[in-house]
There are 2 protein chains.
Amino acid sequence: MAGDSTRARILETAGEVFAERGFEAATIRDICEAAEVNLAAVNYYFGGKEALYEQALQRAHLRDVRDENPHVWDHGTPPEEKLRLSIRQLLAQLLSMSDDPWEARLMVREIMNPTPAGKRMLRDRFSKMFQELQETLDEILPPDMPDHRRHQIGFSIIGQCALYRSLAKVIPLMIDEAELQHYYGVEELAAHIAQVSLAALGLAPPLIGRASGQAAEKAKGGRPIVTHTEHRRILPSLPRKGTP
Amino acid sequence: MAGDSTRARILETAGEVFAERGFEAATIRDICEAAEVNLAAVNYYFGGKEALYEQALQRAHLRDVRDENPHVWDHGTPPEEKLRLSIRQLLAQLLSMSDDPWEARLMVREIMNPTPAGKRMLRDRFSKMFQELQETLDEILPPDMPDHRRHQIGFSIIGQCALYRSLAKVIPLMIDEAELQHYYGVEELAAHIAQVSLAALGLAPPLIGRASGQAAEKAKGGRPIVTHTEHRRILPSLPRKGTP
DNA sequence: ATTGACTTTAAACGCCCGTTTGATAGAATC
DNA sequence: GATTCTATCAAACGGGCGTTTAAAGTCAAT
């Protein structure tokens, strides 16, 4: 009776646990306990831990494809603005946190720490992310630029974003709490990365323009750019005890 | 008799294995077998796996500090050139491969995947890397630029470099073999990242200058910049079967 | 009420891990 | 030469893991 429900419950819980701890660190004992299901249920319904993980990945892949709004630009949005929005979306996805659905977090984890099981899906998903960025870039880059330069420029943008995920544990060791609070939200970082990238491309003033490095910031000086969406911390803050 | 020698042999082998597989995946059985030492020797000499790992980390830290040439610039080297060299060194370190000493590789692994045991050392080491880059940047950035902008610019450079490490498994899925071979060596990537960074700062022409995106490349068009040091592959190449 | 397929359960299996033990042999100390 | 310390060894311990098993429970169809 509850048979179908238990299967669903296992998958749901497993997705959560896998997204949080990764395939290896997650144990089916933890999953079954959290799902309030007998230990043997995973093998009964899925045939094993790895098969369960593949199911979770596949579901994450499907939901990710379904939910994603494929960038409906306002008609006539200038390419630089599209790039800004692409960067913001990419960064937000990479920095998805525990209040985001596990499907998104599992996807990012699979990109940053690939497992053999997810290789095929990884190729699909990541190449899609990459090509979307490249399409936006292609409206900016001159048509005679060779492919390898387009790719490297794309990687320079992705790299700037991915850093705040891959070094999320390390950055708080260097930056003090107050600075983290004020300048390391998704919006601030996205604005910075877009500014750097556009400046490099020649579509925005260079970072060290005339008087101050803030020359390229649009409006009232000094304050960071804060947009309409909510402000949230993206990096864990570790205890600071002064530099030893 | 061979007592001192076995201790050294264990540490050496353990460093190699830890650097290659990480703390968790490495087993003391593997280490002892590779070191041709009895299984109990690790506990006899070091007191446990974690203590052995800490010893390996500490040794990597010390040797790293000792070996590192603290950037003896030619007198009067322009700041842009210093930045280029800093980027190249950072990238080379992040992409250290199996023919590099395990100390360097273990250090990078600890930065990218921190363990609780290495937290203190991580703070020392990474903050040193970061501050060295910052010092180079400080010669370029205007003195009135606030700290948080300096840091973000530093992270933008580090991010571009770290990408080729953190996504080393994924990039070959997007880029075909030939392009990897020609354009993803340390020198080529360092040149690209320096060009992007300097262009963003306004110290080099933007990537899309006048006619072609190659405007900023110094000399003969089309060909990638290849310097004096040896050319080597930095990313694993996975089988390509055409885009499915 | 009985059947029979589906589901749930507690217990155990087999494996790998880090660690411990107790014996053995050699060197050092007296 | 007897004793103590040091180093090595094979073997086992205890725990966590994924997986398996066999019995018990559930429920609609007969």
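Biologist: Of the atoms of DNA strand C within 4 Å of the protein, what share belongs to sugar or phosphate?
Modeller: The share is 53%, and the rest belong to bases. This is a predicted model: local features need pLDDT of at least 70, side-chain atom pairs count only at pLDDT 80 or more, and totals for chains, interfaces and linings use all residues. Residues are numbered from 1 along each chain as its sequence is written, chains are lettered from A and ligands numbered from 1 in the order written, and side-chain values use heavy atoms, without hydrogens and water.

Biologist: What makes a residue count as near a strand?
Modeller: One of its heavy atoms must lie within 4 Å of the strand. By that rule 18 residues surround DNA strand C. The closest are A:Tyr45, B:Ile28, B:Arg29, B:Leu39 and B:Lys49.

Biologist: Which residues come nearest to DNA strand D?
Modeller: They are A:Ile28, A:Arg29, A:Leu39, A:Lys49 and B:Tyr45, out of 18 around DNA strand D. Sugar and phosphate make up 55% of the atoms of DNA strand D that come within 4 Å of the protein.

Biologist: How do you know that A:Tyr45 makes a polar contact with DNA strand C?
Modeller: A polar contact is a pair of N or O atoms within 3.5 Å; within protein, one must be able to donate a hydrogen and the other to accept it, and residues adjacent in sequence count only if both atoms are side-chain atoms. A side-chain N or O atom of A:Tyr45 is 2.6 Å from a phosphate oxygen of DNA strand C, so the pair qualifies. The side chain of A:Tyr44 also has an N or O atom 3.2 Å from a phosphate oxygen of DNA strand C. B:Ile28 uses a polar backbone atom, 3.1 Å from a phosphate oxygen of that strand.

Biologist: Which base atom of DNA strand D lies 2.8 Å from a polar side-chain atom of A:Arg29?
Modeller: The partner of A:Arg29 is a base nitrogen. B:Asn38 has a side-chain N or O atom 3.4 Å from a base nitrogen of DNA strand D.

Biologist: Which helices supply at least two residues each to the surface near DNA strand C?
Modeller: Helix 1 (3-25) and helix 3 (41-45) of chain A do, with helix 2 (28-34) of chain B. Helices (H or I, at least four residues) and strands (E, at least two) are DSSP runs, numbered from the N terminus. Near DNA strand D, the suppliers are helix 2 (28-34) of chain A with helix 1 (3-25) and helix 3 (41-45) of chain B.

Biologist: What makes up the contact between chain A and chain B?
Modeller: Each chain gives 61 residues, with contact meaning heavy atoms within 4.5 Å. The buried area is about 5,400 Å², and carbon and sulfur atoms give 66% of it. Buried area is the accessible area (1.4 Å probe) lost on putting the two parts together, summed over both. A:Arg123, A:Arg149 and A:Ile208 lose the most area on the chain A side, together 13% of what that side buries.

Biologist: How many salt bridges does the rule find across the interface of chain A and chain B?
Modeller: The rule finds 0 there. It does find 14 residue pairs in polar contact across that interface (both at pLDDT 80 or more). Helix 8 of chain A gives the largest share of the side that touches chain B, 15 residues.

Biologist: Why is the pair B:Arg59 and B:Glu12 called a salt bridge?
Modeller: The term needs a side-chain nitrogen of Lys or Arg within 4 Å of a carboxyl oxygen of Asp or Glu. The closest N and O atoms of B:Arg59 and B:Glu12 are 2.6 Å apart, so the pair passes. It links distant parts of the chain: B:Arg59 is in helix 4 (residues 49-67) and B:Glu12 in helix 1 of chain B, 47 residues apart. Over all chains, the structure holds 18 salt bridges.

Biologist: What rotation superposes chain A on chain B?
Modeller: A rotation of 180° does it, with 0.0 Å of shift along its axis and an RMSD of 0.0 Å. The two copies are therefore related as by a two-fold rotation axis. In chain A, the C-alpha of A:Ala200 is nearest the axis, 1.9 Å from it. The superposition is by least squares on C-alpha atoms of residues with pLDDT of at least 70 in both copies. The same surface serves both copies: 100% of the contact residues of chain A recur in chain B.
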